[in-house]
Amino acid sequence: MIQKEVKNLAEAVSDIPDGSAILSSGFGGAGLPTQLLEALYEQGAKNLTLISNNAGSGTNGIAKLVIAGRIKKMICSFPRQKEEWAFDDLYRAGKIELELVPQGTLAERIRAGGAGIGGFYTPTGYGTELANGKDTRVIDGVNHIFEKAIKADFALIKADKGDRWGNLTYRGTGRNFGPIMATAARCTIAQVKEIVELGALDPEVVVTPGIFVQRVVLAGSKS
Amino acid sequence: MMDLSKIKKRSTADIAKRIVQDIPDGAHVNLGIGQPMSISNYLPSDREILLHSENGLLGMGPLAQGDEIDEELVNAGKQPVTMLPGASLCHHADSFVMIRGGHIDICVLGAFQVSIKGDIANWRTGDPKAIPAVGGAMDLALGAKKLFVMMEHLTKSGESKLVKKCTYPLTALEAVDCIYTDLATIAVTPNGLVAIDWADGLTFEELQELSGVPLIRADK
């Protein structure tokens, strides 16, 4: 029997070790797995590399881990948003490393990681400072740069509904990075609003097939 | 010194309406964060123009109001939006396949500088205190079939934002197709920058002087 449902948020993140590379879904607040990030904060893992579109805003979610000094490196496309100060302060103080990646390249690097591809050539970024040190190649007369795939130890994602096999649906633009991040981690943990009976999700509307998901947990579950 | 007070500068709304003239029926369009987003207020009802939001929404509607607000449905600027009938949602990799794969017809971005070759600098000024953030700008600049730039013609200190070579960090090389400013509409062509139209009260010669880079008159 396959049982990916775990009891609560604390159990879902209990084995994430120090030094892990972690993918987190979310575009601003939409699709951000706030409860899992909160549980990770409580769990105490440190020295983390966090891969997400943004670098957190306010004092919750990613920002909470940043403020607590638990993140050594952020890989993201847009570390600038309303009420973002935690990351800014640490970055200016040289206490957090930043790898800035164009958003489409970030998405494709994650997709490639999940698809078993080592990397790819893209025109995006050619001739800019984000191409420094990267291999270049002319393909069909167009300048390209090489971008390496991203793989991670864990992915924390927010979905809408899930079942015990790990099948997931999403809502609105909360989908964003979730489906690709689910494929690119050794262990993908999905927080969902509702866990439904096997067979209750229409196969036609499942966005993430369960094979990509190792754990499903209710967003509201407390230990 | 030129008397600038006689020039009837185009407002943001005027520039937006001018850009709309160049967006055909059936176009799939991505509007960058900031000024370009205001273009959505002027889309004509007799043309079907589909707005794409890089966070996975095609067929974006107006900003959400009151009960419509849903924190899981936002635009690229993270503001709550609505979906039009016929809208579709996708994940981030597919959304950037639309952009990078050349499926988006027109993208409109803001810019700090555009060069005579169409190079664009729009993501950072190089200020060491500012946090570098690129978002989807580099993908959009190269991926869309046409790149329009919406910007002020001059900086606050009066320098032209049309330059021989960008001095700010580049977003993309040879990417811009047309520039829409408060003073003029200027196409980037293999022959150079072509001034298509300019603000009332301004002569071509004055536009040329203010721009600081060679311009070609479209009607010549």
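**Exercise 1. The contact between the chains**

Work out how many residues each chain brings to the contact, and what the side of chain A that touches chain B is made of.

*Solution.* Keep in mind that this is a predicted model. Start with the counts: chain A gives 39 residues and chain B gives 31 residues. Next, look for helices on chain A's side: H4 (86–92), H5 (103–114) and H6 (178–183) each supply at least two residues. The largest share, 5 residues, comes from H5(A). Finally, sort that side of chain A by class: you get 14 nonpolar, 17 polar and 8 charged residues.

**Exercise 2. A sheet in chain A, with a helix across it**

Find the strand order of the open sheet in chain A that contains E5, and say which strands stand at its edges.

*Solution.* The order is E5-E7-E6, with antiparallel pairing. E5 (119–122) and E6 (136–139) of chain A each have a single partner strand, so they stand at the edges, with one side lacking a neighbour in the sheet. Now zoom in on one pair: E5(A) and E7(A) (residues 142–148) are joined by 4 bridges, and Tyr121(A) stands opposite Phe146(A). Then bring back H5(A): this helix lies across E5 and E7 of chain A, at about 150 degrees to E5(A).

**Exercise 3. A mixed sheet in chain B**

Which strands form the open sheet of mixed pairing in chain B, and how does E6(B) run relative to E9(B)?

*Solution.* The order is E7-E6-E9. E7 (120–121) and E9 (162–163) of chain B are the edge strands, because each has a single partner. E6(B) (residues 113–115) runs parallel to E9(B), joined by 2 bridges. Across this pair, Ser115(B) stands opposite Val163(B).

Definitions and conventions
Residues numbered from 1 in each chain as written. Chains lettered and ligands numbered in written order. Predicted model: local features only at pLDDT ≥ 70, side-chain atom pairs only at ≥ 80, totals over all residues. Pairing = 2+ DSSP bridges. Contact = placed C-beta atoms within 7 Å. Nonpolar A, V, L, I, M, F, W, Y, C, P; charged D, E, K, R; others polar. Axes fitted to C-alpha atoms, helices over the stretch in contact; angles between N-to-C directions.
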